[in-house]
Amino acid sequence: ICSINCWSSLPFLMDAIHGYWTGLEMLPIVVDEGYKYPTDPFFLELDDFGRRMCRMFDVSENPDLLRNIVQSVFKNIASHFHVLGSMELLNTQADNIARRLKAVHSPTNSAHKKTGDEQDKKR
């Protein structure tokens, strides 16, 4: 479950950083109805938290790392899932999520397609 406080939880951040570095393409997030997308003050606080963590673990600072991770998590438009809907609605919502998951791994996904230049070089 994603809350605004989860981004200052070290175990959660370590998992998010690991996923980011290993190329995680999709991260399911469960939020309550009142969850709001992080704002500028949140990102400033996150940047400061990231600098403190880098000093704590004696690693070189990457001031944009946590910001990039959080922004990448929210890059895709979320599917709203009505858990108290009818069985027909639940099936439709599940089908929508399944299509989105399959699209991420599809060879025709633009993230996986070779550009025209790359294809021309192969000829």
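**Close-up views of a predicted five-helix model**

**View 1. Arginine 52 and its salt bridge within helix 2.** Arginine 52 is partly exposed, at a relative accessible area of 39%. The model is predicted. The side chain of arginine 52 meets that of aspartate 48 in a salt bridge, 3.3 Å from N to O. Both residues belong to helix 2. They sit four residues apart, about one turn of the helix. Aspartate 48 has a relative accessible area of 33%. Because buried means under 20% and exposed over 50%, aspartate 48 too counts as partly exposed.

**View 2. A salt bridge between helix 2 and helix 3.** Arginine 67 pairs with aspartate 47. Their closest N and O atoms are 2.6 Å apart. Arginine 67 is in helix 3 and aspartate 47 in helix 2, so the pair ties together parts 20 residues apart in sequence. Both arginine 67 and aspartate 47 are buried. A search of the whole structure finds two salt bridges.

**View 3. The second largest pocket.** This pocket holds about 340 Å³ of space. Its lining has 17 residues. Closest to the pocket centre are Ile17, Met53, Cys54, Val59 and Leu65. Three elements each give two or more residues to the lining: helix 1 (10-21), helix 2 (40-56) and helix 3 (65-73). By class, 13 lining residues are nonpolar, three are polar and one is charged.

**View 4. A nonpolar patch on the surface.** Phe81, Val83, Leu84, Ile97 and Leu101 make a nonpolar surface patch. The patch covers about 500 Å². One of its members, leucine 101, is found in helix 4, which spans residues 87-105. Leucine 101 has a relative accessibility of 40%. Patch members need over 30% relative accessible area, so leucine 101 passes that cut-off. At this value leucine 101 counts as partly exposed.

**View 5. The whole chain, for orientation.** The protein chain has five helices and zero strands. Read along the sequence, the pattern is α-α-α-α-α. The chain contains 123 residues, and buried residues make up 22% of them. Arginine 67 and aspartate 47 from View 2 are both buried. Arginine 52 from View 1 is partly exposed, and so is leucine 101 from View 4.

Definitions and conventions
Residues are numbered from 1 along each chain as its sequence is written. This is a predicted model: local features need pLDDT of at least 70, side-chain atom pairs count only at pLDDT 80 or more; totals for chains, interfaces and linings use all residues. Side-chain values use heavy atoms; hydrogens and water are left out. Patches are made of residues with over 30% relative accessible area and no salt bridge: like charges are joined within 9 Å, nonpolar side chains (Val, Leu, Ile, Met, Phe, Trp, Tyr) within 5 Å. Accessible areas come from the Shrake-Rupley method with a 1.4 Å probe; for residues, only the protein chains shown count as cover. A salt bridge is a side-chain nitrogen of Lys or Arg within 4 Å of a carboxyl oxygen of Asp or Glu. Buried means under 20% relative accessible area, exposed over 50%, partly exposed in between (1.4 Å probe, protein chains only). On a 1 Å grid over the protein atoms alone, a cavity is a set of points where a 1.4 Å probe fits but cannot get out, and a pocket is an open set with protein on both sides within 12 Å along at least five of seven lines; lining residues have an atom within 4 Å of a point. Grid points are joined across faces, edges and corners, and a volume is the space filled by probe spheres set on the points. Ala, Val, Leu, Ile, Met, Phe, Trp, Tyr, Cys and Pro count as nonpolar, Asp, Glu, Lys and Arg as charged, and the others, Gly among them, as polar.
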